[in-house]
Amino acid sequence: MKKTLIIIPAYNEEKNIGAVLDGIRDSQPDIDVVVVNDGSSDQTGEVARSRTVTVLNHTFNLGYGGALQTGFRFALSKRYEYVVTMDGDGQHDSSSIKNLFEAQVATGANVVLGTRFLSKGYEMGAVRSLGVALFRYITRLYTGIKFTDPTSGFQLLDKSVFSYLSKGDNYPMDYPDANTIILLHRKKFKVVEAQVNMFQRREGTSMHSGLKPIGYVMKMMLAIIMVVLRRD
């Protein structure tokens, strides 16, 4: 496997991050890992360091996208060729990374999005399901491509893509989902999907719990409009 870095943004994930890193060590022992501790107020950084992975600390919470952008810049500085983005809450099954690489090799894609929905079995609440369906429709309307899971966050990116996203305002600080897919399509990057295993969050509260999906939908709609109107 070419030089690859797994990037895990983590905010107050002390109850989950240890198990996530243990799972990666067991299934992907040859891939380097960096945890971006995004201003956590708990022991997330200490738990991650106990697993002997690289930990980058933000003094303040910048948001999910901001933490990933820090990881992209670190990957560039260390000359990695690919990055895999995974959540720190245990939703992403690291054994599925091989699926992402198989799809990349088969298609030559710059980005492989992990999807929960090419096979049955993953259950999601009604509000979140509506949100996913909405952004699935919008991305298809703009790109002409059916992306079944534009919000999973489990992705493989080649160097050309994470180099581009590491710069300035090319990547949002909060939610890099359908808006980023549309942006990458505009920039002529090839984006495909591959089936991955995903689980429910292990411990704690999801950033999409309660009424938060409503705020997420509003922010994402605005972000998509800004991408469509963007001139560069």
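The exercises below concern salt bridges, a surface patch and a helix pair in a predicted model.

Residues are numbered from 1 along each chain as its sequence is written, and side-chain values use heavy atoms, with hydrogens and water left out. In this predicted model local features need pLDDT of at least 70 and side-chain atom pairs count only at pLDDT 80 or more, while totals for chains, interfaces and linings use all residues.

**Exercise 1.** Determine which residues are linked with Asp 22 in a network of salt bridges.

*Solution.* Begin with the criterion, a side-chain nitrogen of Lys or Arg within 4 Å of a carboxyl oxygen of Asp or Glu; a search of the whole structure finds five such salt bridges. Asp 22 pairs with Arg 25, the closest N and O atoms being 3.6 Å apart, and both residues lie in helix α1 (residues 17-27), three residues apart, about one turn of the helix; helices are DSSP runs of H or I with at least four residues, strands are runs of E with at least two, and both are numbered from the N terminus. Asp 22 also forms a salt bridge with Arg 51, with the closest N and O atoms 3.1 Å apart. This second pair links distant parts of the chain, since Arg 51 lies in the loop between α2 (44-49) and β3 (54-58), 29 residues apart from Asp 22. The network therefore consists of Asp 22, Arg 25, Asp 26 and Arg 51.

**Exercise 2.** Classify the exposure of Arg 49 and of Glu 46, which form a salt bridge.

*Solution.* The closest N and O atoms of the pair are 3.9 Å apart, and both residues lie in helix α2, three residues apart. Buried means under 20% relative accessible area, exposed over 50% and partly exposed in between (1.4 Å probe, protein chains only). Arg 49, at 40%, is therefore partly exposed, and Glu 46, at 41%, is likewise partly exposed.

**Exercise 3.** Identify the helix that gives the most to the nonpolar patch.

*Solution.* The patch on the surface is formed by Tyr 142, Ile 225, Val 228 and Leu 229, with about 370 Å² of accessible area together. Helix α8 (residues 212-229) gives the most, with three residues. Ile 225 is found in helix α8 and is partly exposed, with a relative accessible area of 45%.

**Exercise 4.** Describe how the axes of α7 and α8 are arranged.

*Solution.* The axes of helix α7 (residues 178-186) and α8 come within 8 Å and cross at roughly 15°. Angles under 35 degrees count as roughly parallel, so α7 is roughly parallel to α8.

Conventions. Patches are made of residues with over 30% relative accessible area and no salt bridge: like charges are joined within 9 Å, nonpolar side chains (Val, Leu, Ile, Met, Phe, Trp, Tyr) within 5 Å. Accessible areas come from the Shrake-Rupley method with a 1.4 Å probe; for residues, only the protein chains shown count as cover. Axes are lines fitted to C-alpha atoms, for helices over the stretch in contact, and angles run from 0 to 180 degrees between N-to-C directions. Angles under 35 degrees count as roughly parallel, over 145 as roughly antiparallel, 65 to 115 as roughly perpendicular and the rest as oblique.
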